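Trainee: Here is the model I want to go through. Please take me along it, one point at a time.

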Amino acid sequence: MDDDKDILDVVQYILEDSGYEVDALSDGNLLFERIRANKPDLVLLDIMLGNLDGRDLCKALKTSVETRHIPVVLISASHAAGSLDQKGAPDAFIAKPFDIDDLLGVVKGNLKAA
């Protein structure tokens with residue numbers, strides 16, 4: 001999930017081109033509704049989501065009994081992995097700009113761990 005449509009489109013293209021099924025979302029307010037409907041194996045979240053903070057969404061996912069098993073990868077250009085709260089922390093962090101191979105490696109690694 002990313003509020004920048006161009007980045008969202010690029011990430012979706014990269015993942016789909018690599019054989020992953022992607023359900024892209026640009027509105028964090030719909031995250032839990034979409035998770036209930038689609039039951040994803042992994043969630044990619046940008047930290048900066050307009051009026052929402054991806055860290056808060058990650059914490060909500062990681063502290064909920066229904067979603068804590070889902071690997072969450074946070075992506076950000078303006079925050080460092082060290083600034084993340086340990087409770088409800090993501091399974092991985094990717095800094096923007098990111099290398100395509102790094103993105104795919106993190107996704108693959110977290111799907112294997114799930």
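**Salt bridges, helix α1 and strand β5**

Mentor: Start with a charged pair: Lys 62 forms a salt bridge with Asp 91, the closest N and O atoms being 2.7 Å apart. A salt bridge here is a side-chain nitrogen of Lys or Arg within 4 Å of a carboxyl oxygen of Asp or Glu. Lys 62 lies in helix α3 and Asp 91 in the loop between β4 and β5, so the pair ties together parts that are 29 residues apart in sequence. Helices (H or I, at least four residues) and strands (E, at least two) are DSSP runs, numbered from the N terminus. This is a predicted model: local features need pLDDT of at least 70, side-chain atom pairs count only at pLDDT 80 or more, and totals for chains, interfaces and linings use all residues. Residues are numbered from 1 along each chain as its sequence is written, and side-chain values use heavy atoms, with hydrogens and water left out.

Trainee: Is Lys 62 buried or exposed?

Mentor: Use the cut-offs: buried means under 20% relative accessible area, exposed over 50%, partly exposed in between (1.4 Å probe, protein chains only). Its partner Asp 91 has 42%, so Asp 91 counts as partly exposed. Lys 62 has 16% relative accessibility, so Lys 62 counts as buried.

Trainee: Which residue meets the side chain of Arg 34 in a salt bridge?

Mentor: The whole structure holds 4 salt bridges. Arg 34 is partly exposed at 28%. The N to O distance of its pair is 2.6 Å, and the partner is Asp 23.

Trainee: How many residues apart in sequence are the parts that Arg 34 and Asp 23 tie together?

Mentor: Asp 23 is partly exposed, with a relative accessible area of 41%. Arg 34 lies in helix α2 (residues 31-38) and Asp 23 in the loop between α1 and α2, so the parts tied together are 11 residues apart.

Trainee: Which residue pairs with Arg 55 in a salt bridge?

Mentor: Arg 55 is partly exposed at 26%. The partner is partly exposed too: Asp 53 has 21%. Their side chains meet at 2.6 Å, N to O, so to speak of the partner is to name Asp 53.

Trainee: Which residues of α1 are exposed?

Mentor: Begin with the buried ones: Leu 8, Val 11, Ile 14 and Leu 15. They cover an arc of only 135 degrees around the axis (taken from the directions from the helix axis to the C-beta atoms), which puts them on the same side of α1. On the other side, the exposed residues are Lys 5, Asp 6, Tyr 13 and Asp 17.

Trainee: What span should α1 have?

Mentor: The rule is 1.5 Å times one less than the number of residues. Helix α1 has 13 residues, 5-17, and its end C-alpha atoms lie at a distance that agrees with the expected 18 Å.

Trainee: Which residues of β5 are buried?

Mentor: In a regular strand the side chains alternate between the two faces of the sheet. In β5 (residues 92-95), Phe 93 and Ala 95 point to one face and are not buried, while the buried pair on the other face is Ala 92 and Ile 94.

Trainee: Which residue of β5 is the bridge partner of Val 73?

Mentor: Strands pair if DSSP finds at least two bridges between them. Here 4 bridges join β4 to β5, which run parallel. The partner of Val 73 is Ala 92.
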